[in-house]
Amino acid sequence: MGLVIHTEKLTKDYGTNRALSEVELEVREGEVFGYLGPNGAGKSTTIRILLDFIRPTGGSATVFGLDSRTDSQEIRRRTAYLPGDVVMYDRMTGADILTYFANLSGGVDRRYVAQLAERLRCDLTQPIKSLSRGNRQKIGLVQAFMHRSELIIMDEPTTGLDPLIQQEFYRIVEEVKADGRTVFMSSHNMAEVERICDRVGIIRDGTLVAVETVHTLKEQ
């Protein structure tokens with residue numbers, strides 16, 4: 001089983017503030033990897049470096065064996081991403097947003113999009129500005145899953161979701177895993193990562209303090 005994500009001594013400084021300190025991560029093909037830590041621990045910083053939205057101060061990161069800096073375009077082509085703060089065009093409807101992203105990537109299976117929207121109880125007819133945070137999040141999730149990407153990176157994906165929709169989200173993630181694809185998701189919820197992940201990396205104050213299987217984590 002190959003490595004999909006690999007970092008070596010990944011470090012990010014903002015002036016005197018160290019957001020990441022020599023993080024060494026390995027995420028394997030076909031697993032659901034949870035990145036667990038409180039807000040401000042460095043989860044989003046790691047994700048943004050992997051996708052080349054920001055550059056590291058030190059160390060390196062590869063995705064699919066490709067350098068996160070020099071090969072970022074190819075990495076993004078093969079990766080779906082749900083940010084922690086979903087920003088959408090207020091005047092567009094959910095359907096407009098999904099069509100826009102589908103066209104950017106060269107098209108998707110419309111029937112699968114409709115299935116995802118139905119399962120997550122997404123209202124795609126309303127303008128984004130009229131939707132609650134949770135309903136915007138559901139559209140973001142459809143967008144993340146609809147491309148059937150090799151790697152799906154999600155930053156706090158269940159924020160704002162009610163418990164029934166969370167359970168449906170977990171089922172979709174299990175289907176992605178059964179398909180042999182990889183999920184990397186950040187969370188601050190221990191119960192969530194125990195429910196859904198194969199392995200968990202625990203990050204605190206920019207330092208990766210442990211990487212364990214969920215089974216080992218429960219025993220501890």
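In sorting pocket linings by class, Ala, Val, Leu, Ile, Met, Phe, Trp, Tyr, Cys and Pro count as nonpolar, Asp, Glu, Lys and Arg as charged, and the others, Gly among them, as polar. On that basis the second largest pocket of this predicted model has a lining of three nonpolar, five polar and four charged residues. The pocket holds about 160 Å³ of space, and its lining includes Tyr14, Lys43, Arg48, Asp155 and Glu156, with helix H1 (residues 43-50) giving the largest share, four residues.

Two of these lining residues, Lys43 and Glu156, also meet through their side chains in a salt bridge of 3.6 Å, N to O. Because Lys43 lies in helix H1 and Glu156 in the loop between strand E8 (151-155) and helix H6 (163-178), the pair ties together parts that are 113 residues apart in sequence. Both Lys43 and Glu156 are buried.

The largest pocket has a volume of about 700 Å³ and is lined by 24 residues, of which Thr79, Tyr81, Phe101, Gln143 and His147 lie nearest its centre. Its lining comprises 14 nonpolar, seven polar and three charged residues, and helix H2 (72-77), strand E7 (79-82), helix H3 (94-104) and helix H5 (133-146) each supply at least two of them.

Within helix H2, Glu74 and Arg77 lie three residues apart, about one turn of the helix, and their side chains form a salt bridge of 2.9 Å, N to O. Glu74 counts as partly exposed, at 30% relative accessibility, whereas Arg77 is exposed, at 60%. Elsewhere, Asp179 and Arg181 form a salt bridge whose closest N and O atoms are 3.0 Å apart, with Asp179 exposed and Arg181 buried.

Note on methods:
Residues are numbered from 1 along each chain as its sequence is written. This is a predicted model: local features need pLDDT of at least 70, side-chain atom pairs count only at pLDDT 80 or more; totals for chains, interfaces and linings use all residues. Side-chain values use heavy atoms; hydrogens and water are left out. On a 1 Å grid over the protein atoms alone, a cavity is a set of points where a 1.4 Å probe fits but cannot get out, and a pocket is an open set with protein on both sides within 12 Å along at least five of seven lines; lining residues have an atom within 4 Å of a point. Grid points are joined across faces, edges and corners, and a volume is the space filled by probe spheres set on the points. Helices (H or I, at least four residues) and strands (E, at least two) are DSSP runs, numbered from the N terminus. A salt bridge is a side-chain nitrogen of Lys or Arg within 4 Å of a carboxyl oxygen of Asp or Glu. Buried means under 20% relative accessible area, exposed over 50%, partly exposed in between (1.4 Å probe, protein chains only).
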